[in-house]
Amino acid sequence: KATVSVLYCTMFRASCVRLSKCAPGFHQATSLLSEDDRSDLVESAVRLYQDIEESNRLDNSERVSHKSVNHNLDLERFYKKISIHDVEGGKTVQGQHFEKYGDPGHQLTYFMGNANVPNFVKRILIPKVEATFLAISEVGPPEKLQWRFTFNAYSTIVPSPPSFPYHKDIEANGKVTLIYSLGCDAVFDLRSPDQCHVQSFPLVDNSVALLSGEARYDWSHRVTLGSDALHDPELHPKLRRMSLVLGCHSS
């Protein structure tokens with residue numbers, strides 16, 4: 001079994017003002033999945049990335065771009081509706097694909113509602129985050145939870161590693177946000193509501209960060225990749241990093 005360790009304020013950036021305690025509602029766990037489960041998840045996540053790329057490519061010139069009216073960046077963004085056959089789940093899942101979301105090379109796909117969460121996420125990732133975090137997040141019993149799923153891909157096809165600028169997750173994502181990381185290491189910055197304090201934490205492969213309470217609603221956050229964040233050989237050749245982001249609320 002994987003050893004799960006919950007970390008609090010594990011790393012600070014030297015240039016920031018160090019606070020006496022962590023942002024309330026922020027927790028982090030490393031080595032979340034066993035080696036076998038992680039390998040299974042990587043294979044399924046890479047397949048999802050390939051399916052998204054293929055769906056976006058087909059009839060791309062004819063597919064209508066929609067201006068997003070409810071996203072979490074102060075920038076104009078456009079998405080295209082995509083449909084992907086979830087072979088494992090025996091269903092079609094619907095998503096909104098933003099080919100350009102954060103920095104150049106960052107793509108985001110939002111799968112709308114519990115019914116559109118791919119089956120591999122429900123099978124591998126959700127049970128583990130429920131077991132690790134439900135007791136401290138106070139969102140409700142597992143049988144009453146409704147999930148949202150967002151897939152982030154950080155590309156190798158741009159010269160500089162892409163980042164995801166400061167933002168807060170939209171209200172519809174639920175009471176908590178869980179960010180599971182695969183691939184190259186990144187840094188997760190939490191910025192206080194008055195923007196005077198920043199706390200920084202490592203996002204390493206097979207780790208998950210939880211935002212709830214004040215950390216979820218009041219603090220903003222961003223993800224940055226270092227200049228040495230190159231292609232991870234376990235992932236797709238076009239990818240430096242993937243993150244699988246879950247939001248949930250009680251029905």
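**Model confidence and surface pockets**

Among the elements of the protein chain in this predicted model, strand 1 (residues 5–7) has the lowest mean pLDDT, 37, whereas strand 9 has the highest, 94. Residues 1–20 have a pLDDT below 50, and this stretch nevertheless makes 48 contacts in the model beyond near neighbours in sequence. For the protein chain, the mean pLDDT is 83, with 87% of residues reaching 70 or more.

The largest pocket has a volume of about 380 Å³. Its lining comprises 27 residues, and those nearest the pocket centre are N72, Y101, L108, T150 and N173. At least two lining residues are supplied by each of strand 5 (91–98), strand 6 (106–111), strand 7 (145–155), strand 8 (164–167), strand 9 (176–183), strand 13 (220–225) and strand 14 (239–250). Strand 9, the element with the highest mean pLDDT, is thus one of the contributors to this lining. By residue class, the lining of the largest pocket consists of 12 nonpolar, 12 polar and 3 charged residues.

The second largest pocket encloses about 260 Å³ of space and is lined by 15 residues. E53, N56, E99, Q107 and I157 lie nearest the centre of this pocket. Helix 1 (35–57) and strand 6 each supply at least two residues of the lining, and helix 1 gives the most, with 5 residues. Strand 6 also supplies at least two residues to the lining of the largest pocket. The lining of the second largest pocket divides into 4 nonpolar, 5 polar and 6 charged residues.

Conventions:
Residues are numbered from 1 along each chain as its sequence is written. This is a predicted model: local features need pLDDT of at least 70, side-chain atom pairs count only at pLDDT 80 or more; totals for chains, interfaces and linings use all residues. Side-chain values use heavy atoms; hydrogens and water are left out. On a 1 Å grid over the protein atoms alone, a cavity is a set of points where a 1.4 Å probe fits but cannot get out, and a pocket is an open set with protein on both sides within 12 Å along at least five of seven lines; lining residues have an atom within 4 Å of a point. Grid points are joined across faces, edges and corners, and a volume is the space filled by probe spheres set on the points. Helices (H or I, at least four residues) and strands (E, at least two) are DSSP runs, numbered from the N terminus. Ala, Val, Leu, Ile, Met, Phe, Trp, Tyr, Cys and Pro count as nonpolar, Asp, Glu, Lys and Arg as charged, and the others, Gly among them, as polar. pLDDT is the predictor's confidence in each residue, from 0 to 100. Contact means heavy atoms within 4.5 Å.
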